[in-house]
Amino acid sequence: MRGGWFDYNLPGTWGGYHALAAAPHQALVIGPWTHLAWAPRQAGHDFGAAALGDMDALQVAWFDWALKGRGGPPVLGVRVFDIGANQWRVFPRWPETRPHVLHLTGDGRVAVRGGGLSGQPGAASREVFVHDPYRPVPATPYLGERSEIDQRTDVLVFCGAPLAAPLTILGEVRVDLAITADAPSFDVSAVLSRVTPDGRAHVLTSGYRHVPAGGAVSVSLKPSCITLMPGERLRLSVAAAAFPAYPVNPGTGTDPRAATAMEAVPITCDLATNGSALILPRLAV
């Protein structure tokens, strides 16, 4: 199976490989690409000549073997591109990862002052923000810079400390949130970014959930492979919209895809840091 970290079909590629991983002759190749272009430049980032991958020749060789019986399988196992180290990582099968848990911390003013990501739970706090359906938080493309968006008061931003050692994330990221709202339904957008020492925040992956009722909400973010370098930080941004990637929730219980703009109302969301965490799949060494 072939996919790209920035491909909108990545969840299907990811799920298909893991559903068939135990079968013989399985292969997974994921590069720093969108849906069809095997180009090394994406969203203004140049991943180098190695990112080309020669996918056209690989696919022809695979079809020759699978459909015409010519030769042997051209590639087996797992081959994924690390968008932080700008190099391929090769494994005989999907490698073991360990959950790396970062707890959300705040002091009740995260919407205006920001919060933290910590290896240990902090003091319990409630973080409130208001979703305005007529001024929804905009979506940011992968690798896009979102520092300006994160300055909005309808986005909760949690940032970790600068890394002292490299950290390799490989697989699906998950965010567990203890969140409620004063509406029959609401949406949760979770965006994970890499913050460079100069303060730029580039989107690595994101996830979105339509929530019929509040409580414990788990948001799965698209898989990724990146090695963060010393001095870089992780940033988690939580909001109630990512427009126009997803339709705006009207806050009335009506399906957002069928709702009219006239019926939309503001939604007040309340997130408890106690019980909220970012779970990263850390590559086992």
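**Exercise 1. Rings that meet**

Is tryptophan 62 buried, partly exposed or exposed? Work that out, then look at the ring pairs around the chain.

*Solution.* Before we start: this is a predicted model, where local features need pLDDT of at least 70, side-chain atom pairs count only at pLDDT 80 or more, and totals for chains, interfaces and linings use all residues. Residues are numbered from 1 along each chain as its sequence is written, and side-chain values use heavy atoms, with hydrogens and water left out.

Step 1. Get the scale straight: buried means under 20% relative accessible area, exposed means over 50%, and partly exposed is in between (1.4 Å probe, protein chains only). Tryptophan 62 has a relative accessible area of 22%, so this residue is partly exposed.

Step 2. Now the pairing rule: rings of Phe, Tyr and Trp (its six-membered ring) pair if their centres lie within 6.5 Å; planes under 30 degrees apart are stacked, over 60 edge-to-face, and the rest tilted. That rule gives eight aromatic pairs. One of them joins tryptophan 62 and tryptophan 65, with 5.0 Å centre to centre and 65° between the planes, so call it edge-to-face.

Step 3. Where do these two tryptophans sit? Helices (H or I, at least four residues) and strands (E, at least two) are DSSP runs, numbered from the N terminus. Both tryptophan 62 and tryptophan 65 belong to helix α2 (residues 55-68), and because they are three residues apart there, about one helical turn separates them.

Step 4. Next, take tyrosine 208 and tyrosine 246: their pair is stacked, at 3.9 Å centre to centre and 0° between the planes. Tyrosine 208 is in strand β13 (residues 201-211) and tyrosine 246 is in the loop between β15 (233-239) and β16 (267-283), so the pair ties together parts 38 residues apart in sequence. Tyrosine 208 is buried at 17% relative accessibility, while tyrosine 246 is partly exposed at 37%.

Step 5. Finish with the cluster: ring pairs link Phe6, Trp33, Phe47, Phe81, Trp88 and Tyr142.

**Exercise 2. Charged partners**

Which residues does the salt bridge network join? Find some bridges and build up to it.

*Solution.* Step 1. Start with the idea: side chains of opposite charge can pair when their charged atoms come close. Here a salt bridge is a side-chain nitrogen of Lys or Arg within 4 Å of a carboxyl oxygen of Asp or Glu. The structure holds 13 of these salt bridges.

Step 2. Try arginine 109, whose side chain meets that of aspartate 107 in a salt bridge (3.1 Å, N to O). Arginine 109 is partly exposed at 41% relative accessibility, and aspartate 107 is partly exposed at 44%.

Step 3. Compare the setting of another bridge, between aspartate 150 and arginine 235 (3.0 Å, N to O). This pair links distant parts of the chain, 85 residues apart: aspartate 150 is in the loop between β9 (126-131) and β10 (156-160), and arginine 235 is in strand β15. Both aspartate 150 and arginine 235 are buried.

Step 4. And the network? Salt bridges that share partners join Asp64, Lys68 and Arg70. Within it, arginine 70 and aspartate 64 meet at 4.0 Å, N to O. Arginine 70 is exposed, with a relative accessible area of 52%.

**Exercise 3. A four-strand sheet**

In what order do the four strands of the open sheet lie? Name its edges too.

*Solution.* Step 1. Recall that strands of a sheet pair through backbone hydrogen bonds, either parallel or antiparallel. Two strands pair if DSSP finds at least two bridges between them.

Step 2. Read off the order: β1-β2-β5-β6, with mixed pairing. The edge strands are β1 (2-4) and β6 (87-91), since each pairs on one side only.

Step 3. Zoom in on one pairing: strand β5 (residues 77-82) and β6 are antiparallel, over five bridges. Aspartate 82 has glutamine 87 in β6 as its bridge partner.

**Exercise 4. Unusual backbone spots**

Where is proline 244? See what the backbone does there and at two other residues.

*Solution.* Step 1. Most residues other than glycine have a negative phi, and most peptide bonds are trans.

Step 2. Proline 244 is in the loop between β15 and β16. The peptide bond from phenylalanine 243 to proline 244 is cis, with omega near 5°.

Step 3. Histidine 25 has a positive phi, near 60°, and lies in the loop between α1 and β2. Asparagine 86 has a positive phi near 55°, and its loop is between β5 and β6.
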